[in-house]
Amino acid sequence: MMGNLRLPRRFSSLIGMGSILVLLPLAALPAVRAQSPEIDRISPMAARPGETVTVTLQGKNLLQPQLLWTSFGAKTEWEAPTPGKDGKISKRDEKKLVGKLTIAGDAPLGLGFLRLPTATGLSGPLFFLVDELPVVTKNPRNASAGNAQAVTAPAAVEGQADTGRSDFYRVEMKAGENISVEAFAGRIGSKMDPVLRLLDANGKELAFVDDTLGLAGDCRLRYRAPADGPLIIEIRDASFTGGAECFYHLRIGDFPLVSAVFPPVAAPGGTVDVQAVGEAVEGVAPLRVTARTWATGIESTPVRFAPGKPAAFASVRTDDSPLYTGKEPNDTPVTAPCTVLGRIHKAGDRNTFLIATKKDDLITLTPLTRDIGSPALLYLGVNDENGKPIASNDNAGNGASNDMPLTFRAPAGGICRISVEDMAHRGGDAFVYGIHVEQSAQGFDLTASADRFLAPRGGSFSVKITAQRRGVNGPITLELVSEDASPLPPGFHCEQNIIEKGKNETQLRVATPADVPSGSLYHVRIVGLASEGGLQFDAAAGPPKVDPKKKAPKDPAMAALSSMPQPPRLLCETFPICVGPDAPDFFSIELTTGGVDLPAIVGKNSFVLRQKSIDPSYAGDAQLKFVGLPPGVAITSGTGRGGRIKGQVDFICEVTGPADLVPGIHSFDIVAAGEFKGAQKEVRLAKVPLRIVMPLAIAGAVESPIAPGGKQTLKITAARFDTEDPQPIDVTLRHFPSGITGPEKVTIAPGDTVAVVELAAESGAAEGRFDTAVLGAATRVKGMDVVVESSPIHLEVAK
Amino acid sequence: MKSTSRLLCILLFAACATLRAEQGETEKPPPKLEPIRIGAPQRIEVSPAAIKLETPLRKTQVVVSGFYADGRVQDLTRAAEYTLSPQGVAKIEGALVLPVADGRAELTVRVAGCEQRIPVEVSGQGAPEIISFRYGTLAALSKNGCNSGGCHGAPSGKGGFAMSMIAFDPESDKITLTRDFLNRRINMPDPESSLLLRKPMMQVAHRGGLKLRKDDEAYRQLLDWIQQGCKFDPPDAPRLTGIHIDPALRRTFEWPAHTQQLRVTARFSDGSERDITRLAMYSSSEDGLATVNGNGFVVGTGRGQAGISVRFLDNVETCYFTFVRAVPGFAWQAPAPANYVDDHVFAKLKLLQYLPSDTCTDEEFLRRVFLDVTGLLPKIDETRAFLGDTAADKRARLIDALLSRPEFARFWAFKWGDLLRVSPATVAEAGTHKYNAWLVKAWEENLPYDRFARELLTAQGSAFEYPPANFFRTTANTSEATEMVAQIFLGARLQCARCHNHPFERWTQDNYYGLGAFFERLQRKKGPRPDETIIFSARHGEITQPRTGRQMPPWAPGAGELKLAPDADRLAAFSDWLTNPANPYFARVEVNRIWWQLMGRGIVEPIDDFRESNPPANPELLDALAKEFVDSKFDRKRILRTILNSRTYQASSRPNPFNRDDEKNFSHARQQMLTAEQLLDAVCQVTGEPERYGNLPLGTPATQLPAPQPGNAFLVAFGEPTRQSSCACERQSQPSLAQALQLSNSQTVETRLRNGGGQFIRGLTAQKKSDDEIIGDLYLAALCRNPREIELKKARDYIAARQDRAAALEDIAWSVLNLREFVFRH
């Protein structure tokens, strides 16, 4: 989770597995949201492992869909939209997408999510349940007990609450049969606050439940039928609110009502026997679960009363810090860092554990409850060895939400006694908890300005990363780490990845590889590393914080995250990067000259780069980058010259280099990055010649053939690169053909660049074409003698 | 909440001013006194049994009571003869004994042949009495109203002179009186020139008027205190432990006996006593029934019971007097009592010579009990069934049936919603539904009231997951929590005591913060869901009395300061105390509230103002109801059933000549306008056109709403409260022009009646019912009775004259909805 102090070693191993941090200059583009697909709803929103269902996605910008990405493994096959008579796709089809979704046979039961990449973006997440119960769709006429919709258990009903009414379902029961009814709403991103009532055939209320503990407003109940006959299940929103955002998934069957498992956390790759906890778990045998191998993994496990019975789901988290399971009396001290696991078995219980400290140690205790499905709200009290209170977190009071971390300084070396209670004096087997024990209150939190990124293949995106520092003032280096610690494909590059000392933000730029399939999706962590006072700190960036005063996030799933029990870690702690297709060309660039000259000694020159709009409505200025320049050479681009004319704009570029450049020819790439209608495009001019030239050039030209015995003018043109302090240029004429004469030497004045001399041909001069004559030129540039020679001058002697 | 507290404080200050004015003793002419018919008492009692006058300023009031063979008692103080022997030791002025010189004497009291001798011992006359700052100076200032809320005891004082209200803060008064040089009030070299004396004597302009005369005891106290150098009481000075009133705390007088002299004694920690009759302050709970002057002389002027409160600094005691007059032509007759309710009510009525009204008709009962129990009118078939039932126990059976209905639980949950301030503003939109659902459940399951209270007081966690935790969610801080708990469960308005000792009651500022200590650790924090709040009790946190700076331990009335473990759950401890069957407040407050809901007036009225100075109209009835409540393990339905089955509840609302002026003794039923929600439901029911409230299912009655409906002009006009305070007074029942307009010409009524009188009448028309049948059904639906022949004839004539039958029926329905009989519960 964002904002928590992380153990430095946690990521060091990952970096060792394959660093993906490469500092190369890249054109950076902002994270793209405009034109991104938005999916508001999928129907059905649940399916069984191995099942193929026809799914309908509703939302916006759903054209050019690629394959759905799912967290649980699935294949997609979209139906092509039907073009109209005019051959165009109607607007309506942009809002709906139909296809077949085949769930992987080994898909883990429980809450997953999916995303839709399209040619123009990546959708937000949408929750999807992998559930082994067959899905039944609500009949909208079930608004009264008399019209209750018949359902054969086990089943899951998918429905939507309607304003001002309830939905009724009828289940036939045999005497002595048990039934569990569980409403999923808030836990799958719905705005519905469900209420369940169980009625007998006469409408008499048998059970009522609202807001089951720790289920984010969802509720569930279990009932044993005293006699044969129907039971009526009523479900509605607590406030009678309805609408498309108030959907529900109502599970009906004989399954345990599980909240969590204990222990809820295991070491990476470790196998643990866990016990399901919740409201109806009696008779559920301990489950053996093998945790994921990476530090932040999560393993889902089905929980059922007996083989063949319908399952509920629970999960085990992976945590790579040492784990201690509390057992009273806890008389063996733990040392930071570690995670202490425990349960508040009954109301009013107070657990204790000991921490070994040194004098002035700063210790932070971070409760872990809701994230593991526990309804507990932890009160933490710290006493010294003599029972003297040191600190507690019960004065958090107004404003703070959820569990409050507690940081305290050990006043003296020795043992500190930590007491753990439920803040509201509650308890029960479901009140499981973990407490991260870490040393130092220092650290930092990172927040990203976007929750997902799309970059064209071979393109890039940028994202602002903001740091909230807590006593760590040094530079923070940002890295990308794949969510399961596997190496990312080569080609992911970062730059501007350092939040400078004392600063709080940077615009991180990330390039995506060009050789991965379009639509590839990677979940990465953006991890910051820093050190202070010999200690190392790290933290993973979280998504943008939701400002309660502002509009809720557009994506219902992201909006629901903050209140969900056991929110998917992949959503909370990682960012998806979708490699999109190549962006369409909407502009081009060209050099107005064949290459770029950089004069030695003078060390600077300028040239013009012209941007042309291919799409006439593109009116942006591309961001220019010059890649592969020789050491010491740099190019800066200025603003457009002369404004935009017919979609064309000229950038004045200035090339500079050191005085001692050795003349020669190099090449470099010009990369121009533009953004248009939400798409990004990079245009590259590859292998642009860069000529290191002398700061003086001389050339001569004879206007027309010279007749034997006749005369002709030779125009000498000098090109100076030192315009600040021009010096006279001494020009000498050399290697003229026999019989052709002219002045031996000509001086071009400092303020001039041209000289005209007269050539004379003897009458006996041989006729023909000659390319032997050259001009030598000598001058001084910045105090240095510069001598150059012209290219051969073409001379023709003819009558 | 805050503004309500302020309003209450202002009202009480104003009341203080009234109290002061009454004690000003000059404006009102004294009531006419009837000559005492001494008759032949069997014996007399004289109080005190012995008189000790130990300083020159001590005086002793003598009170003489006569006891008669028929059980009557009357005050003979002003009829008795007093002689002192030997003379020169003391003297007597009226019934007041004053010292003259050291020595012993005997006071002989004679009346109607009875005689009693009282020893008198006078001492300490050779030296001046050292005036106690607290019990002399401040008592004198209090007696004269100088430090009352309307004068210098107001928060900002008056004319630049501010004292603590009724001397609740003697330390600050010390400074004000003696150290405030800028406004020097004491003139040591010339005490009689002190402004402290000259102003109230109007020798210098005083906006408060004449308050002090030279022959007042207060003048002597103040002058002596200044002359003695304005000394303060030494730290080990005896402390006042209480005051005592003679005669007994309850007494009944039969006209022409109608007066009673009081004698008030202060008791101190060293065992000493002092007569403070002339220094104490007096007030009557029923000014129209009894008055009391500054000397403690009570005069009854009417029939009924009055409480006379006596205050000396922060000590308050109350005695109760019932005045009975024979009414010409009165002959007791009453329906057979149905239960103990009637016994107690009838006993009081008989005593006061009020004749109870006849039992109401079945039609009246049906409409009344439906409205009171379910908030709704009966349906036509229910009315017909009940009226056609000839069984003797049909009323009792109907009561049982109604108490089992879901509408009953929803309606009474709605009533509690007012009290608990259930609204989106206080508990968020989702919270209103959850909290209301919990209340409905509590009533459906008849959750015992002690458990009900305990759940509200101890619920912790998410207020969405534990709806009773919304109880404290509606409060923002300790003060609000303390005041709300006191108002709801103790029937006490504590707002005044936040800043100073309560002016009318025993509640001190220390008590306020001591009670607040139970709630100081309450914490409120945001939950993970939008608008979710988590309520919990912190393990630490103490409350400090702002005036004294003392960290206050938890304190409860009657129990004093509780010794609790440092990390004890104080909310649980408070609940234990509150719901203890021996708690004198808990059961009484709730049965009184239930009584008020059914009878329209509390036995204690207002229902959230239980205090000694506001006695119950029928203490025996209140005690009996409370006893049944406790004995039944706080079964609210049982109390409801008891009251509903009583003849008192089933009395007609038509008064008879012998109870026409009775408003307090429940001799007849009260006619009350339906509440806003009841009336709108009734309109909807009679027209067959339901109202839509937000997202709630169409047809949800207004009397079952989880929260007030913003923007419903009809409900607002008829006084729907916004639930901003826990005071029942927030619901307005005063008639207004807006109400008349709403009924006669509003969209709410008019649109429902359009097209032939609404769905209800259209349905009857469609069934081809005759005019008489339709009119009959209309009357049954709206008034629970058949139309009288004259009403039927008028309706027939109107329909015939109008020709357009649908329009005529619409008009008739409109006229029925505008009948007083429809708008009122009677």
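**Where chain B meets chain A**

Let's start right at the meeting place of the two chains: across the interface of chain B and chain A there are 13 residue pairs in polar contact, with both partners at pLDDT 80 or more. Keep in mind that this is a predicted model.

Which elements of chain B give two or more residues to the side that touches chain A? They are α11 (424-444), β22 (522-526) and β23 (533-537) of chain B. Of these, α11(B) gives the most, with six residues. Sort that side of chain B by class and you get 11 nonpolar, eight polar and 11 charged residues.

Charged partners also pair up here, with seven salt bridges found across the interface of chain B and chain A. To see a salt bridge for yourself, look for A:Arg350 and B:Asp567, whose closest N and O atoms are 3.0 Å apart.

Now step back and take in the whole contact. It draws 40 residues from chain A and 30 residues from chain B. The size of an interface is often given as the accessible area lost when the parts come together. For chain B and chain A, that buried area is about 2,800 Å², with carbon and sulfur atoms giving 49% of it. On the chain B side, the residues that lose the most area to chain A are B:Lys525, B:Arg539 and B:Asn695, together 24% of what that side buries.

Finally, how far can you trust the picture? Chain A averages a pLDDT of 86, and 91% of its residues score at least 70. Residues 1-34 of chain A are below 50, though this stretch has 111 contacts in the model beyond near neighbours in sequence. Where pLDDT is low, the predicted coordinates should not be read in detail.

Technical notes: Residues numbered from 1 in each chain as written. Chains lettered and ligands numbered in written order. Predicted model: local features only at pLDDT ≥ 70, side-chain atom pairs only at ≥ 80, totals over all residues. Heavy atoms only, no water. pLDDT = per-residue confidence, 0-100. Contact = heavy atoms within 4.5 Å. Buried area = accessible area lost by both parts, 1.4 Å probe. Salt bridge = Lys/Arg side-chain N within 4 Å of Asp/Glu carboxyl O. Polar contact = N/O pair within 3.5 Å; in protein donor to acceptor, adjacent residues only side chain to side chain. Helix = DSSP H or I, 4+ residues; strand = E, 2+ residues; numbered from the N terminus. Nonpolar A, V, L, I, M, F, W, Y, C, P; charged D, E, K, R; others polar.
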